[in-house]
Amino acid sequence: MRINADRLHESLRQLAQIGATPGGGVTRLALSSEDRTARDLLRRWLEEASLHLRVDDFGNMTGRRAGSESSAAVVMASHIDTVRCGGRYDGAYGVLGALEVMRTLNDLGVTTRKPLELVNWTNEEGVRFEPAMLASGAVAGRFSPDYVADRTDRAGLRFGDELARIGYKGDRAHRPGPVAAYLELHIEQGPVLEDAGIPVGVVEGIVGITWSEIVADGRADHAGPSPMPLRRDALVAAARMIAGVDDIARAIEGAVGTVGRIAAEPNVINTIPGKVTLSVDLRHPDAATLDRLMAALEHLARDVTALTGVTIGVNRFWTSEPTPFSTEVVDAVQAAADALGIATQRLWSGAGHDAKYMQEVAPSAMIFARSVNGLSHCEQEYSTPEDLEAGANVLLYAALRLAGIEGERISHTRG
Ligand code: HGY
Ligand code: MN
Ligand code: MN
């Protein structure tokens, strides 16, 4: 029993055309018109695979394949929203890998004991509507429906209004689950598997992530007559913060720190910037160390304020705690790969995933396919067809181990 690799690659190719960028990547921001078009395509594919589709109040799309038992489901999920100028595989691979598992079981006429559900999570990236993993976090009870609905993008548009605009505002009663176990197939997005020469990763957990918004509040003034000693240049202060974030992260083993988003006002050539807003993304596998990184950031803000006279405000608005996955599901992934004779390596994810919030409500784990050059969140994101196929076969076997096959004594899938 194996997935149909050509069909998986063709589905990935078709989905990547929606929001395609000139450089070979994809921009398909959550709740954008591109996201709607992709959702419509996915809806058609789910219906063609005879999966019962439901859409919940956050726009999460669930396709259900009945089992011989009417019990909690084995859920396979990821996301089809992307970052700006992102890759063709981040998220899409997990959703279409799950679809390929369903299609393969249909081809073979296999009925599982537990039902299977495929989920497309809304707004995993947290790029248009911060924070990330917003809709899976809401289903897990970490964000209220009002908090989610009121999140706004940089243009001030509300999540709730945009969800209605694209026609994917569903019903609370149609949320995924109940969940017996959760599996997420994803590209690694880092260099670990490639450095090890290993095609598939058995993911044991996700590092801690915390996002903050920094506001540098200075004084706009004319770029000409204003003497340097009298200036309160918000962009110069922000530059000190940006360099400081890099220093803070480099000083702690295993930490990463990124300033990815910045906006200067009024952002014109002959005015000293009065206000600058920037984002800070800090990550570490250990929660206490993540807090140490935050303490260092707040200390830096005080120093820069004292040095420049520009007030630096730090708002830590989201924290995703370090999340170990459940041994039971990690072992099912490992056993699946072993049954297939696929070489694996254990690792933790440096990227956030919806699996983080699903681990809070059900035993969960992830499967990684190797990333070429470790690149992701860029148009150069790439994984070989062979590695993508290997990961999807591990997903198939792990799902069957967790869901069981009707009529089989125990869910041992033969190689
Ligand atoms: O930010 C992340 O790690 C994920 O790509 N949303
Ligand atoms: Mn992703
Ligand atoms: Mn991503």
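# Notebook: two manganese ions and a ligand

I began with a loop. N123 sits in the loop between β4 (116-120) and α4 (134-139). I checked its backbone next. The phi of N123 is positive, about 55°, although N123 is not a glycine. I noted for all that follows that this is a predicted model.

**Entry: ligand 1.** I listed what surrounds ligand 1. The residues are E124, E125, A132, W211, R283, A351, G352 and H377. I sorted this shell by class. Three residues are nonpolar, two are polar and three are charged.

Then I looked up polar contacts. The side chain of E124 has an N or O atom 3.1 Å from a nitrogen atom of ligand 1. For E125, a polar side-chain atom is 3.0 Å from an oxygen atom of ligand 1. H377 also takes part: an N or O atom of its side chain is 3.1 Å from an oxygen atom of ligand 1. How much of ligand 1 does the protein bury? Taken alone, ligand 1 exposes 210 Å², and the protein buries 94% of that. I also checked the pockets. Ligand 1 takes up the space of the largest pocket.

**Entry: the manganese ion, ligand 2.** I looked for its donors. They are H79 (NE2), D90 (OD) and H186 (NE2), at 2.1 to 2.3 Å. Along the chain I read their spacing as H-x10-D-x95-H. Where do D90 and H186 lie? D90 is in the loop between β3 (73-78) and α3 (92-108), and H186 is in strand β5 (residues 179-187). The pair therefore ties together parts that are 96 residues apart in sequence.

**Entry: the manganese ion, ligand 3.** I repeated the search here. D90 (OD) coordinates this ion, as do E125 (OE), listed twice, and H377 (NE2), at 2.2 to 2.6 Å. The donor residues are spaced D-x34-E-x251-H in sequence. Which residue coordinates both manganese ions? D90 does, and the two ions, ligand 3 and ligand 2, are 3.5 Å apart. I then placed two of the donors of ligand 3. D90 lies in the loop between β3 and α3, while H377 lies in the loop between β16 (364-369) and α12 (385-403), so this pair ties together parts that are 287 residues apart in sequence.

I made a cross-check of names. E125 and H377 coordinate ligand 3, and E125 and H377 are also in the list around ligand 1.

**Entry: cis peptide bonds.** I turned to the backbone again. G177 and P178 are joined by a cis peptide bond, with omega about 0°. P178 is in the loop between α6 (159-165) and β5. H186, a donor to ligand 2, is in strand β5. I noted another cis bond, from E265 to P266, with omega near 5°. Where does P266 lie? P266 is in the loop between β10 (262-265) and β11 (271-272).

Key. Residues are numbered from 1 along each chain as its sequence is written. Chains are lettered from A and ligands numbered from 1 in the order in which they are written. This is a predicted model: local features need pLDDT of at least 70, side-chain atom pairs count only at pLDDT 80 or more; totals for chains, interfaces and linings use all residues. Side-chain values use heavy atoms; hydrogens and water are left out. A residue is near a molecule or strand if one of its heavy atoms lies within 4 Å of it. A polar contact is a pair of N or O atoms within 3.5 Å; within protein, one must be able to donate a hydrogen and the other to accept it, and residues adjacent in sequence count only if both atoms are side-chain atoms. Accessible areas come from the Shrake-Rupley method with a 1.4 Å probe; for residues, only the protein chains shown count as cover. On a 1 Å grid over the protein atoms alone, a cavity is a set of points where a 1.4 Å probe fits but cannot get out, and a pocket is an open set with protein on both sides within 12 Å along at least five of seven lines; lining residues have an atom within 4 Å of a point. A molecule sits in a cavity or pocket if more than half of its atoms lie within 2 Å of its grid points. Ala, Val, Leu, Ile, Met, Phe, Trp, Tyr, Cys and Pro count as nonpolar, Asp, Glu, Lys and Arg as charged, and the others, Gly among them, as polar. Donors are N, O and S atoms within 2.8 Å of the metal (3.2 Å for Na, K and Ca); water is not among the atoms, so sites may look incomplete. Helices (H or I, at least four residues) and strands (E, at least two) are DSSP runs, numbered from the N terminus.
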